[in-house]
Amino acid sequence: MGNLILKNARQLVTCAGAAPRRGLDLGTVQVIEDGALIVQGGIIDMVGTTEAIEDKLAHGHWYEDPEEFTTIDASGQVVVPGFVDPHTHACFTGYRHDEVELRLGGRKYLDILAAGGGILSTVQKVRDCEEGALADETYRRLLLMLSLGTTTVEVKSGYGLDMESELKILRAIAKAAEMAREQLTVVPTFMGAHAVPRELKSEPGEYVERLCREMIPRVAESGLARYCDVFCEEEVFGPVQARRILKTAQEHGLGAKIHADEIGECGALDVALELGAASADHLLVTGEAGIRKLADSETCAVLLPGTAFCLRSGRYAAGRRMVDQGCAVALATDCNPGSCFTESMPLVMAMACFGMGLTPAEALNAATINAAHAIGLADQLGSLEEGKAGDLVLLDSPDYRHLVYHFGINQVGMVVKKGEIVYVRD
Ligand code: NIG
Ligand code: FE
C-alpha cells in the first residue's frame, strides 16, 4: 500500500467514467497532457495536470511528510491504468506446441480434444503435477503478465476434472495469488466443466451429476472460487447441461461465466442471458440476433481475439458491431497452453483494432475499466480515478495509441500496484 506522487506524464490516460462503457462512451478515454497523480495508502487521491497537483501539494494540509512519498518523474512517458485480463487459464503445466502443427495441417481443435488430446492432454500433466510446483509455475506466468502491464487477472481451474485435482488447482491459484499479492490482484474461477474427463467419456451425464452434486458445493464451501465457468459447445457441454451447472453454481453463491459461441452457436448465449451471467466469452460466431440481445443485457461480452488468431478460425468476433450496438465489450488473453498461448494484453488490444475494427481508445477501455467490470471489480480498479487502486503502467511511448500502432513489442517501462513500484524494465 504505497504513497506515490507521479508527475510530468506526457499523457495520463484515465479511462474514467461509469462502468461498463458502451457505444460512443467506449471510445472516450480522457487524456491529460502533462498529467500527474497522487496515491495515498494504495488508493488514488487526486488526478490532474502536474500544475494542479503541484498546487495541491503546496497547499494540502495532508501532505505533511514528503519523505513518505515515492516520487516518479514520468517525463516523456505515457501513463495508463494497469491492464485487467478477465479470462485466462493460466494455471497449467506442460506445453502443446505439437498441436500447432496438427492444426496447421488441418486438424480441428475439437477433433484433437475428442481424440483425447487438447485440453485432456493438459489435464494429464496437471493431475501429475504437485500442488506447490503448479503454484510456482502459475506465479512465474503472473510475473510475465505483470511485465506486460497486467495488474489484475482472472484465472480458471479446469485442467483437473475431478474433485481432488480441481481443488488442488484452485489451491495452487490461491498460493500463486498469495505469492503475487503485492504485484497483482487475482480472481479465481472454477471451471470443472471445461471438458468431460477421459474416465467418464462414455458417461458425460454422470460427470455433470458429479459437478452439480459434489464438486460445485464443495468448491463453493472452500471459498477458493468467485465464479464458475462452462465450455458450452454441442460437442462438450450442451446448453441444457450448461444451464444446470451454472444455476447450481449461482445457488451456491458463485457468479456465472460461460465460453459461448467459440466454435458453434448452440444456445450458450441464451443461457448466459437467462441466468444474468457476469460475462459471455469468445462470441466468435455470434450472429446479429445474439448481438442485439447481448446489447440489451447486463452481461459483459469478453472477446478473445488471440484465440481466433491462433485457431485460425477464419474470422474474429464481430467486435465493431457489438460496440456499435451497445454491448459491454471487454478484452482478454484467454492465456492457455492450447488455443491461445499469450500473456500479452497489448497484443490482444492490437488484434482487437486490426482484426475487429475497434479504435485504440475502445481497446484500452475494453482492456481496463470494462475488463474490471467483467470480473466484478470496476468499483475498485480499472481506471485512474479518485478512490480507486493506484494500479498503473508507464509506457515508454510518445502516445497511448502506440500500444496498438507499434504492436508486438513490449512498451512497458514500469508497473505500479496499489501505489508501489512492482516492476521496472531492466
Ligand atoms: O478458451 N475453449 C476452452 N478452453 C480454452 C482452451 C483451453 C485449452 O485448449 O487448453 C479456450 O479456448
Ligand atoms: Fe477460455
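Trainee: Which residues are closest to ligand 1, and how many surround it?

Mentor: A residue is near a molecule if one of its heavy atoms lies within 4 Å of it. In this predicted model, local features need pLDDT of at least 70, side-chain atom pairs count only at pLDDT 80 or more, and totals for chains, interfaces and linings use all residues. Side-chain values use heavy atoms, without hydrogens and water. Here 15 residues surround ligand 1, and the closest are Arg96, Tyr109, Tyr159, His194 and Ser339.

Trainee: Which side chains have a polar atom paired with an oxygen atom of ligand 1?

Mentor: A polar contact is a pair of N or O atoms within 3.5 Å. Among such pairs, a side-chain N or O atom of Tyr159 is 2.6 Å from a ligand 1 oxygen, a polar side-chain atom of Arg96 lies 2.8 Å from one, and for His259 the separation is 3.1 Å. The protein covers 100% of the 330 Å² of accessible area that ligand 1 has on its own (Shrake-Rupley method, 1.4 Å probe).

Trainee: How many disulfides does the structure hold?

Mentor: A disulfide is a covalent bond between the sulfur atoms of two cysteines. The criterion applied is a pair of cysteine sulfur atoms within 2.5 Å, and the structure holds zero disulfides. For Cys232, the nearest cysteine sulfur is that of Cys266, 3.8 Å away. For Cys300, the nearest is that of Cys327, at 9.6 Å.

Trainee: Is Cys232 buried or exposed?

Mentor: Buried means under 20% relative accessible area, exposed over 50%, and partly exposed in between (1.4 Å probe, protein chains only). Cys232 is buried, at 0%, and Cys300 is buried, with a relative accessibility of 0%.

Key. Residues numbered from 1 in each chain as written. Chains lettered and ligands numbered in written order. Polar contact = N/O pair within 3.5 Å; in protein donor to acceptor, adjacent residues only side chain to side chain.
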